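Notebook open, coffee poured. I want to go through this one piece by piece and jot down what I look up.

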Amino acid sequence: MLKKQFFVHGVVQGVGFRYFTWQEATKIGIKGYVRNRKDGSVEVVAFGSQPQLQQLYHWLKQGPRTARVEYVSEQDYMADDEFQDFSLRY
């Protein structure tokens, strides 16, 4: 299982981005979490297979219709956290 951390920038807070990300990640079978960051971006930590993570990445680049994604940065997630599901964090 691979571990990735995504940072989504643009108009992504106050538009349901976390909820729709939770919905999509759950559908794909990703484990991890999504949360808003103080800088206005959204952070997504995702554990899954390469095809699952690729599918999530493509979805994050588009986002829900209510959002306007400018760019998504990606890096390996180095912490040893384990997740049982995908959750919304505040």
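First thing I asked: are α1 and α2 roughly parallel or roughly antiparallel to each other? Before answering, a reminder to self that this is a predicted model.

**Entry 1: the helix pair.** I looked up the axes of α1 (residues 17-28) and α2 (residues 50-62), and they come within 10 Å and cross at roughly 155°. Angles over 145 degrees count as roughly antiparallel, so α1 and α2 are roughly antiparallel to each other. I also checked the hand, and α1 passes α2 in a right-handed crossing.

**Entry 2: who touches whom.** Next I wanted the residues behind that contact. On the α1 side I noted Phe17, Phe20, Thr21, Glu24, Ala25 and Ile28. They meet Gln52, Gln55, Leu56, Trp59 and Leu60 in α2. Sorted by class, the contact of α1 with α2 has 7 nonpolar, 3 polar and 1 charged residues.

**Entry 3: Gln52.** I picked Gln52 for a closer look; this residue lies in helix α2. Leaving out residues up to four places away in sequence, I find Gln52 touching Ile28, Gly29 and Ile30. Ile28 is also one of the α1 residues in the helix contact. Then I tried a distance: Gln52 and Gly40 are 12 residues apart along the chain, and their C-alpha atoms are separated by 26 Å.

**Entry 4: the whole chain.** Stepping back, I counted 2 helices and 5 strands in the protein. Along the sequence I read the pattern β-α-β-β-α-β-β. For overall size, I put the C-alpha atoms in a box along the principal axes, and they fill roughly 30 × 25 × 20 Å. How does the radius of gyration fit what a compact globule would have? With 90 residues, such a globule would have a value near 12 Å, and the protein has 12 Å, which agrees.

**Entry 5: what the record says.** I pulled the UniProt annotation, an unreviewed entry, and found "domain: Acylphosphatase-like" covering residues 3-90. Over residues 3-90 I get 28% helix and 40% strand, with the end C-alpha atoms 21 Å apart.

The same kind of lookup gave me an "active site" feature, which UniProt (unreviewed entry) places at Arg18 and Asn36. Those positions are spread over 19 residues of sequence, yet they cluster in space, with a largest C-alpha distance of 7.6 Å. I then checked where Arg18 sits, and the answer is helix α1. That puts Arg18 in a helix whose axis comes within 10 Å of the α2 axis.

Conventions. Residues are numbered from 1 along each chain as its sequence is written. This is a predicted model: local features need pLDDT of at least 70, side-chain atom pairs count only at pLDDT 80 or more; totals for chains, interfaces and linings use all residues. Side-chain values use heavy atoms; hydrogens and water are left out. Axes are lines fitted to C-alpha atoms, for helices over the stretch in contact, and angles run from 0 to 180 degrees between N-to-C directions. Helices (H or I, at least four residues) and strands (E, at least two) are DSSP runs, numbered from the N terminus. Angles under 35 degrees count as roughly parallel, over 145 as roughly antiparallel, 65 to 115 as roughly perpendicular and the rest as oblique. A crossing is left-handed if the near helix is turned anticlockwise from the far one by less than a right angle, and right-handed if clockwise. Contact means heavy atoms within 4.5 Å. Ala, Val, Leu, Ile, Met, Phe, Trp, Tyr, Cys and Pro count as nonpolar, Asp, Glu, Lys and Arg as charged, and the others, Gly among them, as polar. UniProt positions are given in the numbering used here, feature names are shortened, and annotations may be inferred rather than shown by experiment. The radius of gyration is taken over C-alpha atoms; the globule rule is 2.2 Å times the number of residues to the power 0.38.
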